[in-house]
Amino acid sequence: MSVEDALREAKIRELPLSPPVCVAMGTQVGEVLELMKRRRAHCVLICEGEHLRGIFTERDVVNKILGLPVDLRAPIESFMTPSPVTLHPEDRVWEAMRLMDEGGYRHIPLVVEDGRVAGVISVQDIINFLAEHFPTEVFNLPPRSRQVFEAPEGA
Amino acid sequence: MRCPSCGHENLPGVEVCEQCLHDLMGLDLPQPREGLQKHLMEDPIHVLPLRPPVTVSPDDPVGRALDLMRQHRIGSVLVVEGGKLVGIFTERGALLQLVGTSADVKTLRMREVMTPDPVVLHEDDTLAFALHQMSIGEFRRLPVVRSDGRPVGVVSIKDILRYIFTLCRS
């Protein structure tokens, strides 16, 4: 199958996605930052019960917090993006790509029919998917397409 | 592997033809097929809209980098000394280096928080190479440098995704 067909046909749930990092509404932003650092998370989902209320990303950490006069005891909802665009795990990877391109998002939360959080897909997941759908030898080519080696490797 | 000069069938992977000593190096490299794969394997990264580098010096305070990132709405700044790239500072680095420390961003220097000697691309590297670097290194942006180490821009994962998206749609 060509790479473009794989992209158009694959469903989001077929990707090996990492489980999302979730926090409850009302969590102090300082705690959220510590959690992101500890879990090396690119984003956290803010939930009320099992329902998604917002998203807070690395970009928000720089834009709204670091080096700014912020009270780290303030609740996360003052800093999150409320009601983010979401997808369903049965949606196509292609759709995630389209939304990321049009909306400039790097993370899209996944929710199922009853509004429960099911995960998050990131731009990195899509790049990994693309990389996997190339034959290995493609990536072992020299970095420049017309690069020629003068001598055999190791000589 | 068939020798293009004399037609002798050689074992795969040999460097010269066993019969006529014709150079066979490079013949067994995979050839790009059609469509997206061909584009990614052959198109150099300068087909992308290269973002001009936003730079700071290693002695600048971290606060300056944060201000620049907010002002230009970018996820990284390049650290340059004597015209050459010596480091990169990203949103990720900001989170990992600054959260939970009492460091003052007005006095903390870039050289203490930057990622030194980052992975770089050159202008004639292919998109496939850039994609691979981003996938294995979990990078979302890579600096592009000239052969003398001077940075000329930054390639972001989103620019590559957009290029792929446009190719697939047309």
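**Two chains: burial, helix contacts and positive phi**

Student: What share of the area that chain A exposes is supplied by carbon and sulfur atoms?
Tutor: Chain A exposes about 7800 Å². Accessible areas come from the Shrake-Rupley method with a 1.4 Å probe, and for residues only the protein chains shown count as cover. The share of chain A's area from carbon and sulfur is 49%.

Student: What kind of model is this?
Tutor: Residues are numbered from 1 along each chain as its sequence is written, chains are lettered from A and ligands numbered from 1 in the order in which they are written, and side-chain values use heavy atoms, with hydrogens and water left out. Local features need pLDDT of at least 70, side-chain atom pairs count only at pLDDT 80 or more, and totals for chains, interfaces and linings use all residues, the model being predicted.

Student: In what order do the elements of chain A run?
Tutor: Helices (H or I, at least four residues) and strands (E, at least two) are DSSP runs numbered from the N terminus. Chain A has 6 helices and 6 strands. From the N terminus on, their order is α-β-α-β-β-α-β-α-β-β-α-α.

Student: What percentage of chain A is buried?
Tutor: Buried means under 20% relative accessible area, exposed over 50%, and partly exposed in between (1.4 Å probe, protein chains only). Of the 155 residues in chain A, the buried ones make up 47%.

Student: Among contacts in chain A between residues at least 6 apart in sequence, what percentage join residues at least 24 apart?
Tutor: Contact means heavy atoms within 4.5 Å. Of the chain A contacts that pass the limit of at least 6, the part joining residues at least 24 apart is 57%.

Student: Why is α3(B) described as largely enclosed, and how many of its residues are buried?
Tutor: The buried residues of α3(B) are B:E91, B:R92, B:G93, B:A94, B:L95 and B:L98. Their cover includes α2 (29-39) and α3 (58-65) of chain A, and α2 (62-72), β3 (84-90), α4 and β5 (141-145) of chain B. The helix is largely enclosed by the rest of the structure because its buried residues number 6 of the 8.

Student: Beyond α3(B), what is the relative accessible area of B:A103?
Tutor: α3(B) is followed by B:G100, whose phi is positive, near 80°. B:A103 has its place in the loop between α3 (91-98) and α4 (110-113) of chain B. B:A103 is partly exposed, with a relative accessible area of 37%.

Student: Is B:S76 buried or exposed?
Tutor: B:S76 is found in strand β2 (residues 76-81) of chain B. Leaving aside neighbours within four places in sequence, its contacts are B:M69, B:I88, B:F89, B:T90, B:R141 and B:V154. With a relative accessible area of 6%, B:S76 is buried.

Student: How is α5(A) set against α5(B)?
Tutor: The axes of α5 (residues 123-132) of chain A and α5 (residues 127-137) of chain B come within 9 Å and cross at roughly 120°. Axes are lines fitted to C-alpha atoms, for helices over the stretch in contact, with angles from 0 to 180 degrees between N-to-C directions. Angles under 35 degrees count as roughly parallel, over 145 as roughly antiparallel, 65 to 115 as roughly perpendicular and the rest as oblique. The setting of α5(A) to α5(B) is therefore oblique.

Student: How many nonpolar, polar and charged residues are in the contact of α5(A) with α5(B)?
Tutor: A:Q124, A:I127, A:N128, A:L130 and A:A131 meet B:L131, B:M134 and B:S135. Ala, Val, Leu, Ile, Met, Phe, Trp, Tyr, Cys and Pro count as nonpolar, Asp, Glu, Lys and Arg as charged, and the others, Gly among them, as polar. The residues of this contact divide into 5 nonpolar, 3 polar and no charged.

Student: Which residue classes occur in the contact of α5(B) with α6(B)?
Tutor: α5(B) and α6 (residues 157-169) of chain B pack at about 130°, with their axes 11 Å apart. B:L127, B:A130, B:L131 and B:M134 in α5(B) meet B:I157, B:I160, B:Y163 and B:I164 in α6(B). By class the contact has no polar and no charged residues, and 8 nonpolar.

Student: Is B:D117 buried or exposed?
Tutor: B:D117 lies in the loop between β4 (115-116) and α5 of chain B. Its phi is near 45°, a positive value in a residue other than glycine. At 67% relative accessibility, B:D117 counts as exposed.
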